[in-house]
Amino acid sequence: MRTQVAIVGAGPSGLLLGQLLHKAGVDAVVLERQSGEYVLGRIRAGVLEQVCVDLLDEAGIGARMHREGLVHDGFEILAGGERQRVDLNALTGGKSVLVYGQTELTRDLMEARADAGLATVYEAEGVAVHGFDGARPYVTYRAAGQERRLDCDFVAGCDGFHGVCRASVPKGAIVEYEKLYPFGWLGLLADTPPVSDELIYVNSPRGFALCSMRSRTRSRYYLQVPLSGSVDAWTDDAFWEELRLRLDAPARARLVTGPALEKSIAPLRSFVAEPLRFGRLFLAGDAGHIVPPTGAKGLNLAATDVKFLAAALIEFYRERSEAGLEHYSARCLRRVWRAERFSWWFTMLTHRFPDDGPIAAKFQHAELDYLLNSEAGLRTIAENYVGLPLDFGAA
Ligand code: FAD
Ligand code: PHB
């Protein structure tokens, strides 16, 4: 089989890239290790920046997102027992974010791909990428018990943090920056009305918590938990009890509990691989970088990588110009590092670090007290949360 772009991974990055290329008449095949149902069963992101929303519109899959997504003009921070609203709209000249689950977005992209009759190979085993340092890369894999080979002009590594693409780059050609945090997030999804109309980020003496949602009838909550624990140790009742202890009295009074539809623990990590291009292999999304979810940036960064990569590939096929491909890595990384910084900083400000003494909590509270009572401080948080501009101009 031959295609122009072989896309490894059918998460949001791979599917969105496939859709943008298809709209421009560039041929691509998507290879995914898991089944479609498995991909849809992973509960992850919930908050989309305007840049991401615009891109999904450009890809022609925005209709359901606009119908069902919830526009959020602000969110709250609960610290030291007090809540403070970050008015995104007022602080950023009218910007907002959209609450729409990654699962729904992935479903929209999968359906668009199936409707257009585009090739996606689910349950592709043993995917391996070859020859990307030359002009004729190819990908091998097993499907339906048969060995297959896909020849292509380019390979897009959209296969997430544990994927095969980044792992195939010779060690000397890549620099990896990494920070692991000494805790994880335990997430619970339930068909109960959210505790508030807006998200609440909670800094409590018992650890961080987040009250989020997927719709007016479906809630998503997270608790900071030790990495040593297993998800099986957390009954639904234990989760709700711990959440209650981290909330304030008004939220406790409004909290509606119910059986978990899904419960899982995610580790928190900051990670960047440099560069994001190796010959004819390009990394996009979580394959190239990871942020802790505190700033809600991972999916949004993936979307902007894909925007830049799609534009560069389309430019290559239309104009035979490699300019976009050459600038891809540097263009993405500048934005990536800014989001990495914000996600790290917001994590440090809101979580309890087990090895830090009581003075660390005092520093956090003093910083929050300063930021949340300063127009400039609030604006800094709001500007980063709604998403920085696509390009920042000259460095
Ligand atoms: P992935 O979604 O990881 O997709 C990669 C795909 O590649 C997978 O389907 C995988 O099965 C496949 N694959 C892997 N290896 C292979 C292989 N060898 N061969 C073939 N296929 C392979 N981001 C936000 O912007 N906002 C949020 O609110 C937010 N909240 C989050 C909450 C949590 C709890 C977590 C864990 C993440 C959150 N994120 C958030 C981050 C976001 O979910 C990720 O950044 C996003 O999934 C990245 O998409 P991706 O397509 O690059 O990678
Ligand atoms: C989510 O709803 O899953 C979510 C929302 C905001 C975050 C992280 C996760 O910062």
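Helices (H or I, at least four residues) and strands (E, at least two) are DSSP runs, numbered from the N terminus. This is a predicted model, where local features need pLDDT of at least 70, side-chain atom pairs count only at pLDDT 80 or more, and totals for chains, interfaces and linings use all residues. Residues are numbered from 1 along each chain as its sequence is written, and side-chain values use heavy atoms, with hydrogens and water left out.

**Exercise 1. Backbone oddities**

Task: find where the cis peptide bond between E274 and P275 sits, then place the positive phi values of A144 and R320.

Solution, step by step:

1. Start with the background: most residues other than glycine have a negative phi, and most peptide bonds are trans.
2. The bond joining E274 and P275 is cis, with omega at about -10°. P275 belongs to the loop between strand 17 (260-274) and strand 18 (277-278).
3. Next, A144 is not a glycine, yet its phi is positive, about 50°. You'll find A144 in the loop between strand 10 and strand 11. With a relative accessible area of 76%, A144 is exposed (buried means under 20% relative accessible area, exposed over 50%, partly exposed in between; 1.4 Å probe, protein chains only).
4. R320 isn't a glycine either, and its phi is about 55°. This one sits in the loop between helix 9 (298-319) and helix 10 (323-350). R320 counts as exposed because its relative accessible area is 60%.

**Exercise 2. A three-stranded sheet**

Task: work out the strand order of the open sheet and explain why strand 9 and strand 11 are its edges.

Solution, step by step:

1. Recall that strands of a sheet pair through backbone hydrogen bonds, either parallel or antiparallel. The pairing rule here is that DSSP finds at least two bridges between two strands.
2. The order is 9-10-11, and the pairing is antiparallel.
3. Strand 9 (125-130) and strand 11 (146-151) each have a single partner strand, so one side of each lacks a neighbour in the sheet.
4. On average, neighbouring strands of this sheet are turned by 15° against each other, direction ignored. For the angle convention, axes are lines fitted to C-alpha atoms, for helices over the stretch in contact, and angles run from 0 to 180 degrees between N-to-C directions.
5. Zoom in on one pairing: strand 9 and strand 10 (residues 138-143) run antiparallel and are joined by four bridges. As an example, E125 has R142 in strand 10 as its bridge partner.

**Exercise 3. Salt bridges**

Task: look at the salt bridges R83 to E76, R166 to E176 and E241 to R244, and say how covered the side chains are.

Solution, step by step:

1. Set the criterion: a side-chain nitrogen of Lys or Arg within 4 Å of a carboxyl oxygen of Asp or Glu. By this rule there are 24 salt bridges.
2. For R83 and E76, the closest N and O atoms are 2.8 Å apart. R83 is partly exposed at 30% relative accessibility, while E76 is buried at 15%.
3. R166 and E176 meet at 3.3 Å, N to O. This pair links distant parts of the chain, with R166 in the loop between strand 12 (154-157) and strand 13, E176 in strand 13, and the two positions ten residues apart. R166 is buried at 11%, and E176 is partly exposed at 40%.
4. E241 and R244 have their closest N and O atoms 3.2 Å apart. Since the two are three residues apart in helix 7 (residues 236-246), about one helical turn separates E241 and R244. Both are partly exposed, E241 at 39% and R244 at 27%.
5. Finally, salt bridges with shared partners join R64, E68, E104, R107 and D108 into one network.

**Exercise 4. Aromatic rings**

Task: classify the W185 and Y222 ring pair and say which elements it ties together.

Solution, step by step:

1. Rings of Phe, Tyr and Trp (its six-membered ring) pair if their centres lie within 6.5 Å; planes under 30 degrees apart count as stacked, over 60 as edge-to-face and the rest as tilted. The structure has 21 aromatic pairs.
2. W185 and Y222 lie 4.8 Å centre to centre with 45° between the planes, a tilted pair.
3. W185 is in strand 13 and Y222 in strand 16 (residues 219-225), so the pair ties together parts 37 residues apart in sequence.
4. Both rings belong to buried residues, W185 at 3% relative accessibility and Y222 at 11%.
5. Ring pairs link a cluster whose members include W185, Y222, F75 and Y385.

Terms used:
Chains lettered and ligands numbered in written order.
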